[in-house]
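Hi,

Here is the structure I promised to pass on. Have a look at it first, and then read on for what I found in it.

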Amino acid sequence: MSRTALLVTHTGRRRSTEHARAVAADLIAAGFEVRVVAEEADDLDLPGVVPVTGPEAAEGAEIVFALGGDGTFLRAAELARPAKAPLLGINLGKVGFLAEAEINDLDVAVRDVVGRNYTVDERLTLDVTAEFDGGPTIESWALNEISVEKGERAQMLELLVDVDGRPLSRYGCDGVVCATPTGSTAYAFSGGGPVVWPEVEALLLVPISAHALFSRPLVTAPTSTFSITVDPFTTLAVLCCDGRRVFDLPPGARVTVRRGALPVRIVRLRARPFTDRLVAKFGLPVQGWRGSRR
């Protein structure tokens, strides 16, 4: 029975393209049908791959490879999620927090996939809808975070935030980030939010540069719902999902964020504590800046 893999990479970088060719060649040699995104096929220039396009690109695939940084991983997640295909990230970028393996592990990772020596975790996602008078309802999703931010640099945004149908606070701010535990080390982290272990089922809300007496980051139940209303007399706002899908929000728009109906399935090659990943990716000083007393 034929096995199928989808390969997503950053073809704008020569190094990424070279590694993608090597992965594709190894998978084809192992009997896989290898699909590539049609827009990337010419850059890869590899005989035997199958160009695919559209949201069904990963349909029926055994695994999706994302070779690049976190941006490439999030792009691959858009294809893997609706197909419920496991997603394996190989870091060819800088931090690569979402990736499972580094470039030095590339050959081992391919062998593990061929030998089916891996497990799959399910990561909580977010679904979002935005409604406003005179416009169609916006629907999208995110693996890391959904943010409502000011659309004009010089003006503060006025937002009313409800949690579970009850008003929480009105913020004069640059915006609000709603994040998953997976996204707690991304935009929400930069905004002062907590790091949440990915196994924890929770939602995060982090105000951005809020001019308010109470602007603490919040961690709520995974069943919670956030409603964010753009004040009718404020400036234009922007809805952003994982930094990839961006929508304009006029004054008066209402954004609703809740747990996503579909998770993203992420491949794990080795059992590795999240603490070790956190230390490695952020270069944390385990011994402290003063060093050990012993």
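UniProt lists Asp-70 under "active site", in an unreviewed entry. Keep in mind that this is a predicted model, and that the annotation may be inferred rather than shown by experiment. Asp-70 sits in helix H3, which covers residues 70–83. Is Asp-70 buried, exposed or partly exposed? With a relative accessible area of 25%, Asp-70 is partly exposed, because the buried class stops at under 20% and the exposed class starts at over 50%. If you skip the neighbours within four places in sequence, the residues in contact with Asp-70 are Gly-96, Phe-97, Leu-98 and Ala-99.

Asp-70 also turns up in the "binding site" annotation, again from an unreviewed UniProt entry. Besides Asp-70, that annotation covers Gly-71, Arg-75, Asn-144, Glu-145, Asp-174, Thr-185, Ala-186, Tyr-187, Ala-188, Phe-189 and Ser-190. These residues are spread over 121 residues of sequence, and they are spread in space too, with C-alpha atoms up to 26.0 Å apart. Thr-185 is included in the lining of the largest cavity.

Two of the annotated residues are worth a click. Tyr-187 is in helix H5, residues 187–190, and Ser-190 lies in helix H5 as well. Their accessibility is another matter: Tyr-187 is partly exposed at 28% relative accessible area, while Ser-190 counts as exposed at 63%. What does Tyr-187 touch, leaving aside its neighbours within four places in sequence? Tyr-187 is in contact with Glu-145, Ser-147, Glu-149, Val-177 and Ile-208. Glu-145 is itself in the "binding site" list.

Now the domains. The assignment splits the protein chain into domain 1, made of 3–123 + 263–282, and domain 2, which is 126–259. Taken over C-alpha atoms, the centres of domain 1 and domain 2 are 29 Å apart. On the domain 1 side 15 residues make contact, and they meet 14 residues of domain 2. Between them the two domains bury about 1400 Å², with 69% of that on carbon and sulfur atoms. How many salt bridges run between domain 1 and domain 2? The count is 3.

Here are some salt bridges to look up. Glu-78 and Arg-245 meet through their side chains at 2.5 Å, N to O. Arg-245 also has a salt bridge with Asp-242, at 3.8 Å from N to O, and both Arg-245 and Asp-242 are buried. Put together, Glu-78, Asp-242, Arg-244 and Arg-245 are linked in a network of salt bridges.

Arg-81 and Asp-127 form another salt bridge, 3.2 Å from N to O. This pair links distant parts of the chain, with Arg-81 in helix H3 and Asp-127 in strand E8 (residues 126–131), 46 residues apart. Arg-81 counts as buried because its relative accessibility is 9%.

The total number of salt bridges comes to 17. One of them joins Glu-62 to Arg-3, with the closest N and O atoms 2.6 Å apart. That pair also links distant parts of the chain: Glu-62 is in the loop between strand E3 (50–52) and strand E4 (63–68), Arg-3 is in strand E1 (residues 3–9), and 59 residues separate them. Why do both partners count as buried? Glu-62 has a relative accessible area of 18% and Arg-3 has 13%, and buried means under 20%.

One last spot, towards the end of the chain numbering given for domain 1. Thr-275 is in helix H6, residues 274–282, and counts as partly exposed at 39% relative accessibility. Thr-275 and Val-120 are 155 residues apart in sequence, and their C-alpha atoms are 19 Å apart in space.

That is what I have for now. If you open the model, you could start from Asp-70 in helix H3 and then go to the salt bridge of Glu-78 and Arg-245.

Cheers

Key
Residues are numbered from 1 along each chain as its sequence is written. This is a predicted model: local features need pLDDT of at least 70, side-chain atom pairs count only at pLDDT 80 or more; totals for chains, interfaces and linings use all residues. Side-chain values use heavy atoms; hydrogens and water are left out. On a 1 Å grid over the protein atoms alone, a cavity is a set of points where a 1.4 Å probe fits but cannot get out, and a pocket is an open set with protein on both sides within 12 Å along at least five of seven lines; lining residues have an atom within 4 Å of a point. Helices (H or I, at least four residues) and strands (E, at least two) are DSSP runs, numbered from the N terminus. Buried means under 20% relative accessible area, exposed over 50%, partly exposed in between (1.4 Å probe, protein chains only). Contact means heavy atoms within 4.5 Å. Domain bounds come from an automatic or database domain assignment. Buried area is the accessible area (1.4 Å probe) that two parts lose on being put together, summed over both. A salt bridge is a side-chain nitrogen of Lys or Arg within 4 Å of a carboxyl oxygen of Asp or Glu.
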